[in-house]
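This report is an introduction for a reader who has not met this structure before. Please look over the sequence and the model first.

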Amino acid sequence: MKRHYTILILVTVAATIALMRVVGCGTSRSARAVAAEKVYVAPGELDKYYAFLSGGQSGSVFVVGIPSCRLIREIPVFEPRAAYGYAVHEGDPRREELIATGGLWGDTHHPALSETHGVYDGRYLWINDLSNARLARVRLDTFEADKIVKIPNLQGAHGIAVVSPDTKYIVVNGEFEQPTDGMVTNPAPYTSVVAFVEPFTMEVKFEVRVPGNIDIADTSKDGRYSFSTVYNLEQGKDLASMIQFDRDAVAAIDIPAAEKAIAAGKGHVRNGVPILEGPENPGLLTMIAVPKNPHGVNVTPDGKYVIASGKLSPTVTIIDTKTLKIVAEPEVGLGPLHTTFDGRGNAYTSLFIDSQVVKWNIEKAIKGAPDYIVDRINVHYNIGHLQAVGGASMKPAGDYLLALNKLSKDQYLPVGPDMPEDQELIDISGEKMKMLASFPTPPEPHDAEFIAASVLSPKVKQVFEPAKDAIAAGSESVVRTGPHAVTVNMTMIRSAYTPDHFDVREGDQVTLRLTNVETVRDMIHGFALPDHDLNLALPPGATRTITVDAGKPGVYWYYCTNFCSALHLEMRGRMIVQPKDSTIAIPDWKAAQNVKGPVAGVPSTGAGQ
Ligand code: RUQ
Ligand code: CUA
Ligand code: CA
């Protein structure tokens, strides 16, 4: 009997393997062709959407074209990046902000695009740094971080959301509870705050205290409420005590009520920010009991409902955004984390434990119809976030959904014990979901938002506008500004630096003010200086200023790091560091330019000290 079973199993396994060979792990040849066609963007053609994925512990934002899944840019935010000359050197404004607010690394989770009338307008993107309680803003005309601020009075800046429909504030949630007065000796239970940040000045306008901790955020579409999940309503300080209650909460903050209370001077100012206490301001804070250690919270595109994902409960909780009452609590599967929408009445919830995306119909679930689950699709593996195109706006496109999976396991060639993260693009245009493609990323995207190329690309600048201190072609100079200080005002254009050499003396501080005077998009020039720890990249129109020590006497070639023309390799020049006791005065560049004949070997003009 036992032998028969063994044979049966062997035959079944062999048949399954043979079948898998033919159709390729459950996908038929024609299904593959259809999927490939859907993500194929021919060379020279452009993607339909920009996807902005948070870079997690990479501290950055990944920009991916959809549907091709091609990485088109990484925007460094909370981490220096030599490739873009971002925050690498002293004096760089973002570097100074990073150092002043917590350090040269970060953990980005939730990109949030600016909205006008509830749809993405392509002006800005905000991104949090969970670890150091920071918020950064990225300009979308230049794809550059332009401001980084610290959020006082909270730790673990986790969920963020734009207050719809017109980006009145950016909401920032404090995940890690703190002693309310900041004193470790205070025996009272820890609490946290939700911060409301003015989007353009990036000033923290006010905060609202919530019992427990505050995880993920969204806002109602009419600007009335911010919603935050609270998974530690127990106010426990260890794992066991954080999972005691069957229900934690969604905290709903009435934003106009908060503004009124602030205007009436009801905030208790701490570290420069007024904090509102719930009990002192009736109606300000409503705690809606939802099961158990909820995670994601997402408002439906029509603004009617807010959906909290149960995480430790196999349910999602549907709450009416006007009455703040629970209207249904349908089961969706194991480990629900986040929910997104297609604009056709369907919700898509990520199931971490089941490794699935579940599609369910919102109205059917509310009515208690037995067939509210529409479809399920397996993802690879253990999905965290998911986002449909426009899913967090009032106008979802209903075409693509991105699954942001935590583990890639066997999906890519092994690259050591640590594997890339796996993002999967799913077609949601039909009744059934269809897996289209996957692509790896560095660690570790948590969330994504998409914007149509037709909205954003016309806003993207060709070149940087000249800064106030930009050097114009023809006005280059080398000036001694002190006994041990020289300023070099330099321009760069294909394929030369002007000046192409200059002299300084050992012991000098050399300030380089560099302008890339190109007027053509993508004509980047680098400026690397050997043995001086100096590497900059200047996009067209950009100006950078940096001061370095002249270093040991010698000839140092500065050179272009970005291949820019057939003469790219020749695009280099010399910093000649004369010995301390050299009597050679530092040539004056303007005088040198008037000298007829080759510039090399210009006589000293006595412009030195
Ligand atoms: S959180 S999936 Cu910031 Cu859900 Cu990561
Ligand atoms: Cu400029 Cu290469
Ligand atoms: Ca709990």
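Where is Tyr 169 found? Tyr 169 sits in the loop between E8 and strand E9 (170-176). The model discussed here is a predicted one.

## Tyr 169 and helix H5

Is Tyr 169 buried or exposed? Tyr 169 counts as buried, because its relative accessibility is 9% and the cut-off for buried is under 20%. Along the chain, Tyr 169 and Ile 255 are 86 residues apart, while 9.8 Å separates their C-alpha atoms.

Ile 255 belongs to helix H5 (residues 255-263), where Ile 255, Ala 258 and Ala 261 are buried. Viewed down the axis of H5, the buried residues fall within an arc of 120°, so they line one face of the helix. Lys 260 and Ala 263, on the other side of H5, are exposed.

## The calcium ion

Ligand 3 is a calcium ion, and its protein donors lie 2.4 to 2.6 Å from it. Tyr 231 and Met 242 each contribute an atom named O. Glu 234 is listed with OE twice and Asp 248 with OD twice, and Asn 293 gives OD1. Along the chain, these donors follow the spacing Y-x2-E-x7-M-x5-D-x44-N.

Asp 248, one of the donor residues, has a relative accessible area of 1% and is therefore buried.

## Around ligand 1

Which residues are around ligand 1? The histidines there are His 109, His 110, His 158, His 295, His 338, His 385 and His 446. Ile 216, Gly 384 and Lys 406 complete the list. Divided by class, this shell holds one nonpolar, eight polar and one charged residues.

## Cavities

How many cavities of 30 Å³ or more are there? The count comes to two. The volume of the largest cavity is about 280 Å³. Its lining is made up of 28 residues, and those closest to its centre are Ile 160, Ala 217, Asp 218, Ala 392 and Glu 449.

Several strands give two or more residues to this lining: strand E4 (112-116), strand E8 (155-162), strand E12 (217-219), strand E18 (297-299), strand E22 (336-341) and strand E26 (383-388). By class, the lining of the largest cavity has 13 nonpolar, 10 polar and five charged residues.

Methods: Residues are numbered from 1 along each chain as its sequence is written. Chains are lettered from A and ligands numbered from 1 in the order in which they are written. This is a predicted model: local features need pLDDT of at least 70, side-chain atom pairs count only at pLDDT 80 or more; totals for chains, interfaces and linings use all residues. Side-chain values use heavy atoms; hydrogens and water are left out. A residue is near a molecule or strand if one of its heavy atoms lies within 4 Å of it. Ala, Val, Leu, Ile, Met, Phe, Trp, Tyr, Cys and Pro count as nonpolar, Asp, Glu, Lys and Arg as charged, and the others, Gly among them, as polar. Donors are N, O and S atoms within 2.8 Å of the metal (3.2 Å for Na, K and Ca); water is not among the atoms, so sites may look incomplete. Buried means under 20% relative accessible area, exposed over 50%, partly exposed in between (1.4 Å probe, protein chains only). On a 1 Å grid over the protein atoms alone, a cavity is a set of points where a 1.4 Å probe fits but cannot get out, and a pocket is an open set with protein on both sides within 12 Å along at least five of seven lines; lining residues have an atom within 4 Å of a point. Grid points are joined across faces, edges and corners, and a volume is the space filled by probe spheres set on the points. Helices (H or I, at least four residues) and strands (E, at least two) are DSSP runs, numbered from the N terminus. The arc is that of the directions from the helix axis to the C-beta atoms.
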